[in-house]
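Student: I should like to work through this structure by question and answer. May we begin once the sequence and model are displayed?

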Amino acid sequence: MIPMKNNNSCNCGCQGKRAPALHINKISMPAQSGTHPAGCCSDKAPLAASACATASDSCCTPKTGEHSHTSDDGSAEGSPGEDDPSAPLSASHQYSWKVEGMDCPACARKIENSVAGLDGVNRARVLFATEKLVIDAGFDITKNVQNAVTAAGFTLQSLDNKQNIPEAEESRLKEMLPLIVLSVLMLLSWALDHFNPQMGKIAFIATTLVGLRPVLLQAIRQTRSGSPFAIETLMSIAALGALLIGATAEAAMVLLLFMVGERLESFASSRARSGVKSLMALIPDTAVRVVNDKTETVPVSSLRPGDIIEIAAGARLPADAILQGHASFDESALTGESVPVEHQPGEKVPAGSLCVDRLARLEVASAPGNSAIDRILQLIEEADERRAPIERFLDTFSRYYTPVIMLMALLVIIVPPLAMGLSWETWIYRGLTLLLIGCPCALVISTPAAITSGLAAATRQGALIKGGAALEQLALIQTVALDKTGTLTEGKPEVTHVVTLNGISEGEVLSLASAVEEGSHHPLAQAILARAKISNPLPLTAQDRRALAGTGVEGIVSGRKVQVLTPKSVAENTLTTETLAQITDWESTGNTVVVVLQEDNAIGLIAMQDRLRDDAAEALQKLKALGVSAVMLTGDNPRAAKNIADRLGIDFRAGLLPADKVSAVTALNAVKPVAMVGDGINDAPAMKAARIGIAMGSGTDVALETADAALTHNRLSGLAQMISLSRATRANIRQNITIALGLKAIFLVTTIMGLTGLWLAVLADSGATALVTANALRLLRKKSH
């Protein structure tokens, strides 16, 4: 494809940089048969949504004989079966391109508008944070999209061939060259005007024409693509009008200040997106693959699950991988933890981690496009689509605001001379000034600039917030409801006690329990399996395993039914008074107890206990300092729940099934806005019912997909940081809108009174844009504590 060299801009006044060549990535709806990406069915993907398509014959669909494990929260693992909102529409193909040169979120809206009306386009969206255009279409509309985006003044880069086509890196000098040239011409014109006013006037006209050419061409392109009221149109009219009435110096100054404002806006957007770009840069272009004990350097895109790779000390991991030896990895770019993590053989290490101490050999565990980094970027892209209500309102408002301002300027120009016989030159000048005063640039960027900065700051702190809408709602939260296992606790319980009944040995109890728990990813099941392996390395096998929703799990072992149930689910008179007393004693000290039964006869008790997270108490204190109350919602027994709640000093609700959690969250939400924090599939319905759902970074795919935000560093202390940042962002938006509208109101009055000139009008508009941008960038300086 042919590289384009157009100046890019949008209706907020930013002019972009030259972008490289057209690029296309076609994503068809795949059939779910045969092999699938490794880890797509994983319950514990590190950070985000899995890559499985939501098809009825998906590999993730439970097959006959599979079961889900009943949690201590009284629920069964399983997918709620929600459709992926980012999936292409039925009978559609999805096409995506990388867009370079966007300098503000309004550029994204501009591109969306230019392609949304094309025949065959079902949906078009531009993801500003990751600079991607995604289109759902019924047939191949590549050429039409290329033409539409080119007509709008932008170019595209293919995602298919990005490793084959080198991107042109523009130097800082080349980016600033138009501004430097115009500034030099302006200074020369001013100097010439002091010695020879007549020649100075000619010089100012030439300077204006040089600066006007790209602006006018862009205004024409935008008008043709359906955006006639862009900022370039206002600037072109004002500059031409100033030339007609002889205000040549001010005409040139209008364009110079406009260009300065563009550069400031471009800088702000670049800063806000720097976190995403640094994240994308964590994946190397090549990897060292080991085949038959020989190494070869291959592109990262060629790696597949099961490949063996070597990572030298100081190199970054190109994909999620399972470690085959001992090694330390710096995961700070993903988790925010500065201390390297010592990994053991068999542990999974996320892509982008830096190998610290030795040459490591690993087995690739993620398919291309499905690593931890890719899933974070996917969530960022989803976040970019979820705009805040105030942002959507301002977008709509600005579409009507600009034509109204142009009409007002026209009335200011023609009414006083025609109705009152006043000077045409004076009122043309004031009308043109009003046209520039009314420029919506600062108003349009006031909210996106703050939200983009807020989301970027959150990402740096290890929190991923899915869009402006979630960021805005987080600021309103007054109550936080938290799941227990995996959220307040580490989610890694250990067996603390085993009691045998009816003459059965401890090893047999554990073997039978582990047989029916085999294949479950629930923490309690993992604890039983781990203890059973120590007692009996040769496990038994169960058939017809199935979950008993809200009670436990069962299966057939050696022809006899074996069940692992919660004590409250066991039939009356099955347990003796002494056994019930033992259960009560364990539960009162924070243990979770299950009863193992064989043919409906109790044969043993297994007690397990999970440890509180190290930062749980500190996190709740920080929430309290913000005026946010906390409550624990758990399906665990009331005595164990009370033990945890008393240690943390919070309220609790115990013995809850998933439906009960939804009811509890709904009731709390009716009193105060509630955020639900969880990590499991059973928490997903409650997250949906809450004002905001927040997932722990180690949680299941379903929880992460359902949530509006995620703590990628897996630390509860991030809750208070997230809420504090969202409140700061909300305040920042209000400040920006006040600055934008306040300055316009002041200069509107002074313009009508004749106190404001053209150059001051542009300075006011550019100044407002600069103030709004600088104010939004303050959010990037908010540090995690």
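Tutor: Two strands pair if DSSP finds at least two bridges between them; helices (H or I, at least four residues) and strands (E, at least two) are DSSP runs, numbered from the N terminus. The model is predicted, with local features needing pLDDT of at least 70 and side-chain atom pairs counting only at pLDDT 80 or more, while totals for chains, interfaces and linings use all residues. Residues are numbered from 1 along each chain as its sequence is written, and side-chain values use heavy atoms, with hydrogens and water left out.

Student: In what order do the six strands of the open sheet stand?

Tutor: The pairing in this open sheet is antiparallel. Strands E17 (494-500) and E18 (543-548) each have a single partner strand, so one side of each is left without a neighbour in the sheet. Read from one edge to the other, the order is E17-E22-E21-E20-E19-E18.

Student: Which residue of E21 stands opposite Val562?

Tutor: Strand E20 (residues 560-565) and strand E21 (residues 592-598) run antiparallel and are joined by four bridges. The residue of E21 opposite Val562 is Gln598.

Student: At about what angle does helix H15 run to E17?

Tutor: Axes are lines fitted to C-alpha atoms, for helices over the stretch in contact, and angles run from 0 to 180 degrees between N-to-C directions. Contact means heavy atoms within 4.5 Å. Helix H15 (residues 523-535) lies across E17, E21 and E22, and its angle to E17 is about 70°.

Student: How are H10 and H22 oriented to each other?

Tutor: The axes of helix H10 (residues 424-437) and helix H22 (residues 718-752) come within 9 Å and cross at roughly 175°. On the H10 side, the contact includes Trp427 and Arg430, and on the H22 side it includes Lys744 and Phe747. Angles over 145 degrees count as roughly antiparallel. H10 and H22 are therefore roughly antiparallel.

Student: Is Thr248 buried or exposed?

Tutor: Thr248 is found in helix H6 (residues 248-280). Not counting residues up to four places away in sequence, Thr248 touches Lys201, Phe204, Ile205, Thr208, Ala242 and Leu243. Buried means under 20% relative accessible area, exposed over 50%, and partly exposed in between (1.4 Å probe, protein chains only). At 6% relative accessibility, Thr248 therefore counts as buried.

Student: Which residue just after H2 takes a positive phi?

Tutor: Helix H2 (residues 142-151) has buried residues, among them Thr142, Val145 and Val149. Just after H2, a positive phi of about 95° is taken by Gly153.

Note on methods: Parallel < 35°, antiparallel > 145°, perpendicular 65-115°, else oblique.
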